[in-house]
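Trainee: Could you help me learn to read this structure, one feature at a time?

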Amino acid sequence: MNISTIVFLLLSLMAVGSALMMIISKNPVHSVLWLILVFFAISGHYILLNAQFLAVVNIIVYAGAIMVLFLFVVMLMNLNADTEPIKNYRMQLVGICTGGTLLLLLVLITNRMDVEQLVETNAGNAGLIKNLGMVLFKQYVLPFEISSVLFLSAMIGAVVIGRKEEPIDQNPNS
Amino acid sequence: MYLSTIDISLILEKLILIVVVVSASLVVAMYTTFAERKVAAVLQDRRGPNRAGPFGLLQPLADGLKLFFKEEIIPNLSSKFLFILGPALAMLTACMTSAVIPWGDHIDFFGRNVSLQIADVNIGILYVFGVVSLGVYGIMIGGWASNNKFSLMGGLRAASQIISYELAMGISLIALLMITGTLSLKEMVVQQQGGFWNIVYQPLGFLIFLICSFAECNRTPFDLPEAENELIGGYHTEYSSMKLGFYLFSEYINMFISSVVMSTLFFGGYDIPFFDESVLSPNVAAILGIAALMTKTLIFIFLFMWVRWTIPRFRYDQLMHLGWRILIPLALFNMLATGAGVLYFN
């Protein structure tokens with residue numbers, strides 16, 4: 001067992017373990033914190049695949065911005081373990097069925113994959129920012145720009161929906 | 001990367017470098033607290049601390065000892081693990097940034113070329129940005145775990161402030177990256193050694209970056225998370241003893257590191273102005289380079305203090321107005337102008 005296998009196993013253990021803890025823990029704030037750990041483990045995996053840019057962007061965007069907003073909302077709503085609504089029996093059953101089917105599908109798919117071909121640690125330079133930029137802005141420039149327009153429209157849509165009917169008057173002192 | 005192929009001395013070398021860099025930033029931060037009180041005293045026409053040791057130089061040690069000996073109180077209804085995790089995270093993220101900063105060129109150590117940078121990763125500045133964006137967790141977790149509404153308000157203010165100012169900071173960095181064409185801090189310094197400093201090309205970008213780093217460090221005029229007249233102590237209301245010390249101390253480490261980052265990005269890093277380092281022997285050049293970087297850094301730290309004791313705190317709506325309505329449009333304009341300039345001149 002070489003060092004990258006050991007690191008891979010540790011990171012995977014961390015990712016799966018934290019993901020499980022995220023689901024199990026009763027307190028929503030703890031769930032958010034476990035989810036942040038999952039993102040760190042996944043960033044570790046990206047580094048193993050020599051995709052440094054992806055790793056650091058994953059940290060900046062997901063762990064640094066989106067999860068802060070999640071935490072923000074959860075803290076403001078003051079969700080606690082006792083205010084968690086108890087789901088009824090039928091809902092639990094449906095959840096078990098759909099979750100079990102998804103798990104079954106995933107296991108079947110991964111079983112049929114050629115694992116040797118998939119895992120190629122620390123090889124190739126596709127993940128380095130220079131090569132990534134070249135591919136994104138030369139080969140895939142149209143889809144890239146279209147997706148950025150999509151983001152922009154989503155942002156404007158959120159602002160329009162979140163806006164109150166009458167704009168609030170500016171404070172004359174500010 | 002296999003362990004067997006890595007030189008064992010490389011690991012040793014990096015380990016020593018990490019220990020030296022982290023302890024140096026701790027010592028600098030320690031004396032920054034002393035300098036802050038002295039600067040405040042000068043600005044307010046007082047003497048400042050002068051009892052412990054000659055000129056009061058042992059004051060930081062006395063402060064540290066006092067904090068260690070204070071009674072440690074953990075609120076009954078707080079979440080204990082997170083309550084302890086908060087200050088630890090604040091300290092960790094404050095220290096982590098120093099890994100990618102080039103402190104000097106390299107030294108010749110018995111024929112061995114030792115680079116004075118812990119990790120020259122090709123995403124250098126993005127790493128700094130990532131760690132800065134994680135810095136908010138220490139404050140938020142501490143504020144929430146205290147189970148106190150003032151702490152929670154402080155934590156939420158910190159989060160919204162840091163997220164708002166991160167955007168303008170990121171956009172001002174993009175403009176800089178367009179000019180340098182690299183993310184590695186080391187390469188940026190090498191480029192600035194050859195030509196002009198980046199401040200010449202990016203004066204507006206530097207101004208935006210400076211204001212945003214004030215906000216990211218929670219320094220006055222942006223210290224709303226700990227506004228004592230409305231929030232008692234903000235996120236650290238419930239903290240006592242060395243945990244409080246960690247929060248206060250991490251602010252000074254952040255200040256030191258952001259001063260170093262600003263000197264590196266915009267003021268040539270370890271470059272000595274109007275002087276060609278290549279005529280010196282590498283060791284002398286490295287030592288002079290470190291001295292140059294430290295001088296620039298100290299000037300910035302002084303600026304941080306000067307502003308703190310001169311300008312009053314913003315109101316919350318003013319803070320948001322400045323961030324979203326002034327800094328972000330300015331940063332966007334700067335980015336577009338830089339892009340047009342790069343296109344025109346190349």
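Mentor: Happily! Let's begin where the chains meet: chain A and chain B bury about 2,500 Å² between them, and carbon and sulfur atoms give 73% of that area. Please keep in mind that this is a predicted model.

Trainee: Which elements of chain A give two or more residues to the side that touches chain B?

Mentor: They are α1 (3–24), α2 (28–48) and α3 (52–77) of chain A. The largest share, 15 residues, comes from α3(A). By class, this side of chain A has 20 nonpolar residues, 11 polar ones and no charged residues.

Trainee: How many residues of each chain are in contact across the interface?

Mentor: On chain A there are 31, and they are in contact with 29 residues of chain B. Next, look for polar pairs and charged pairs. Across this interface 2 residue pairs are in polar contact, while the count of salt bridges between chain A and chain B is 0.

Trainee: Can we look at one residue of chain B at this boundary? What does B:I163 touch?

Mentor: Leaving aside residues up to four places away in sequence, B:I163 touches A:A65, A:V68 and A:L69. B:I163 itself sits in helix α6 of chain B.

Trainee: Is B:I163 buried or exposed?

Mentor: The way to read this is by relative accessible area, where buried means under 20%. B:I163 has 19%, so B:I163 counts as buried. Sequence separation is another thing to check: B:I163 and B:G323 are 160 residues apart along the chain, and their C-alpha atoms are separated by 9.9 Å.

Trainee: How would I read burial for a whole helix? How many residues of α5 of chain B are buried?

Mentor: Count residue by residue. In helix α5 (residues 136–145) of chain B, 10 of 10 residues are buried. Among them are B:Y137, B:M140 and B:W144, along with glycines such as B:G142 and B:G143.

Trainee: What covers the buried residues of α5(B)?

Mentor: The cover draws on both chains. It includes α2 and α3 of chain A, together with α3 (80–96), α4 (124–134), α6 and α11 (241–266) of chain B. After α5(B) comes B:N147, whose phi is positive, near 60°.

Trainee: Now a loop, please. Where does B:S184 lie?

Mentor: B:S184 lies between α6 (149–180) and α7 (185–194) of chain B, in the loop that joins their positions in sequence. Being in a loop need not settle the matter of burial, so check the value: B:S184 has 4% relative accessibility and therefore counts as buried. Its contacts, not counting residues up to four places away in sequence, are B:D120, B:V121, B:N122 and B:G124.

Trainee: What should I know about salt bridges?

Mentor: Side chains of opposite charge can pair when their charged atoms come close. Over all chains, this structure holds 4 salt bridges. In one of them, the side chains of B:R308 and B:E36 meet at 3.1 Å, N to O. B:R308 is in helix α12 (residues 282–308) and B:E36 in helix α1 (residues 8–43) of chain B, so the pair ties together parts 272 residues apart in sequence. B:R308 is partly exposed at 26%, whereas B:E36 is buried at 3%.

Trainee: Which residue pairs with B:K243 in a salt bridge?

Mentor: That is B:E72, at 2.1 Å, N to O. This pair also links distant parts of the chain: B:K243 is in helix α11 of chain B and B:E72 is in the loop between α2 and α3 of chain B, 171 residues apart. B:K243 counts as buried at 10%, and B:E72 is partly exposed at 44%.

Trainee: And disulfides? How many are there over all chains?

Mentor: A disulfide is a covalent bond between the sulfur atoms of two cysteines. Here the count over all chains is 0. Take B:C212: the nearest cysteine sulfur, that of B:C217, is 11 Å away, and B:C212 is in no disulfide. B:C212 is buried, with 0% relative accessibility. B:C217 is buried too, at 6%.

Key: Residues are numbered from 1 along each chain as its sequence is written. Chains are lettered from A and ligands numbered from 1 in the order in which they are written. This is a predicted model: local features need pLDDT of at least 70, side-chain atom pairs count only at pLDDT 80 or more; totals for chains, interfaces and linings use all residues. Side-chain values use heavy atoms; hydrogens and water are left out. Contact means heavy atoms within 4.5 Å. Buried area is the accessible area (1.4 Å probe) that two parts lose on being put together, summed over both. A polar contact is a pair of N or O atoms within 3.5 Å; within protein, one must be able to donate a hydrogen and the other to accept it, and residues adjacent in sequence count only if both atoms are side-chain atoms. Helices (H or I, at least four residues) and strands (E, at least two) are DSSP runs, numbered from the N terminus. Ala, Val, Leu, Ile, Met, Phe, Trp, Tyr, Cys and Pro count as nonpolar, Asp, Glu, Lys and Arg as charged, and the others, Gly among them, as polar. Buried means under 20% relative accessible area, exposed over 50%, partly exposed in between (1.4 Å probe, protein chains only). A disulfide is a pair of cysteine sulfur atoms within 2.5 Å.
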